[in-house]
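Thank you for asking me to look over this model. My comments are set out as numbered points, to be read beside the coordinates.

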Amino acid sequence: MNTQATPSPQFYLTAPAACPYLAGEMERKVFTHLVGPRAAEMNDLLTQGGFRRSQNIAYRPACEGCRACVSVRILANEFEPNRTMRKVLSANRDLVGTMVPTQPSTEQFTLFRQYLDSRHQRGGMSDMSALDYAIMVEDTHVNTRLVEYRRRVPGQGIGDKPQGELIGVALTDLMSDGLSMVYSFFDPGMERRSLGTFIILDHINRTRQLGLPHVYLGYWVKGSAKMHYKTRFQPQEHLTPRGWERYLGEIDEG
């Protein structure tokens with residue numbers, strides 16, 4: 001009889017580094033590797049416990065004296081878009097979103113570089129190469145997909161491989177209780193479309209169609225203006241020391 005115990009994940013702590021969200025703060029992260037046949041199961045459990053995935057790493061903040069980072073998930077079955085969101089859906093009614101395998105392409109990377117060069121010139125991803133992008137997409141042992149957003153070509157129905165200009169991409173994990181949005185990027189020159197909002201709204205709809213309850217948005221950082229948008233998608237739950245609790249903060253109609 002085999003009595004060997006199933007290997008448990010090993011967790012590690014990073015050295016302190018400058019916080020990218022709050023000026024004057026230092027961040028640390030606890031992380032583990034998502035590898036092997038149980039990687040998808042571990043990704044589910046860790047995401048539900050407040051971790052995020054990057055390639056084959058799951059991590060969460062472990063900062064001393066700061067708890068500003070809060071895990072957020074949208075309650076997809078209860079969600080109703082507000083007036084501004086309905087306008088966003090209408091403005092993007094010509095787009096087709098298709099879930100495809102995680103196979104990087106030159107077309108995706110060109111859009112990815114445009115997005116980084118416009119939105120994140122000083123971020124940690126600013127110098128990513130085509131190889132780095134391919135690793136970001138492919139280096140995983142979990143159940144993940146890309147969602148490509150293209151303009152519908154006139155006269156073409158919604159097929160398995162719609163042709164047309166690629167204007168947005170989302171890297172998304174398929175979990176037992178919903179979808180986890182790992183990373184998304186889009187054409188930065190199409191501000192009027194509010195593509196970031198549209199991609200989240202599309203993921204809410206996809207989650208409903210799958211019969212699942214949650215869309216995981218990653219971390220909302222209290223006090224960070226660039227993370228404020230995440231509280232617009234209500235109802236939602238925040239992970240607290242008492243577990244997942246419904247967020248009762250102000251609803252942002254913006």
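The points below deal with the sheet, the helices, the aromatic rings, the charges over rings and the cysteines.

1. The model is a predicted one, and the remarks that follow should be read with that in mind. Its eight-stranded open sheet has the order β8-β9-β10-β11-β12-β7-β13-β14, with mixed pairing. The edges are formed by β8 (95-100) and β14, each of which pairs on one side only, and from one strand to the next the twist averages 30°.

2. Towards the β14 edge, strand β7 (residues 69-75) pairs with β13 in the antiparallel sense over three bridges, and V72 has H238 in β13 as its bridge partner. Strand β13 (residues 236-240) is in turn joined to β14 (residues 243-246) by four bridges, again with the two strands running antiparallel. The connection between β13 and β14 is a hairpin through two residues, and T240 stands opposite G243 in β14.

3. Helix α3 packs on this sheet, where it touches β9 (144-151), β10 (166-175) and β11 (178-186), and its direction makes about 75° with that of β11. For α1, the buried residues are A39, M42, N43, D44, L46 and T47, a list in which the polar or charged members may deserve a look by eye. Just after α1, G50 takes a positive phi of about 100°.

4. The aromatic pairs come to 15 in the count. In one of them, F11 and F51 have ring centres 6.0 Å apart and planes at 50°, an angle that lies between the 30 and 60 degree limits, so the pair is classed as tilted. Because F11 lies in the segment before β1 (12-13) and F51 in the loop between α1 (39-48) and β5 (52-54), the pair ties together parts that are 40 residues apart in sequence. The two rings belong to residues in unlike settings: F11 is partly exposed at 40% relative accessibility, whereas F51 is buried, with a relative accessible area of 8%.

5. A tilted pair is also formed by F112 and Y133, with 5.0 Å from centre to centre and 40° between the planes. The pair links helix α3 (residues 106-119), which holds F112, to helix α4 (residues 130-138), which holds Y133, across 21 residues of the chain. F112 is buried at 0% relative accessibility, and Y133 is likewise buried, at 1%. Both belong to a cluster that ring pairs build from F109, F112, Y115, Y133, Y183, F185 and F186.

6. Charges over rings should be considered alongside these pairs. The charged end of K29 sits over the ring of Y59, at 4.7 Å from the ring centre, and that of R73 sits over the ring of W244, at 4.1 Å from the centre.

7. How many disulfides does the model contain? The count is zero. The sulfur of C19 has its closest cysteine sulfur in C69, and the 6.2 Å between them is too far for a bond, since a disulfide would need the two atoms within 2.5 Å. C63 is in no disulfide either, the nearest cysteine sulfur being that of C66 at 5.7 Å. C19 is buried, with a relative accessible area of 18%, and C63 also counts as buried, at 11%.

Definitions and conventions. Residues numbered from 1 in each chain as written. Predicted model: local features only at pLDDT ≥ 70, side-chain atom pairs only at ≥ 80, totals over all residues. Heavy atoms only, no water. Phe/Tyr/Trp six-rings, centres within 6.5 Å; stacked < 30°, edge-to-face > 60°. Buried < 20%, exposed > 50% of the residue type's maximum accessible area, 1.4 Å probe, protein only. Lys NZ or Arg CZ within 6 Å of the ring centre and 35° of its normal. Pairing = 2+ DSSP bridges. Axes fitted to C-alpha atoms, helices over the stretch in contact; angles between N-to-C directions. Contact = heavy atoms within 4.5 Å.
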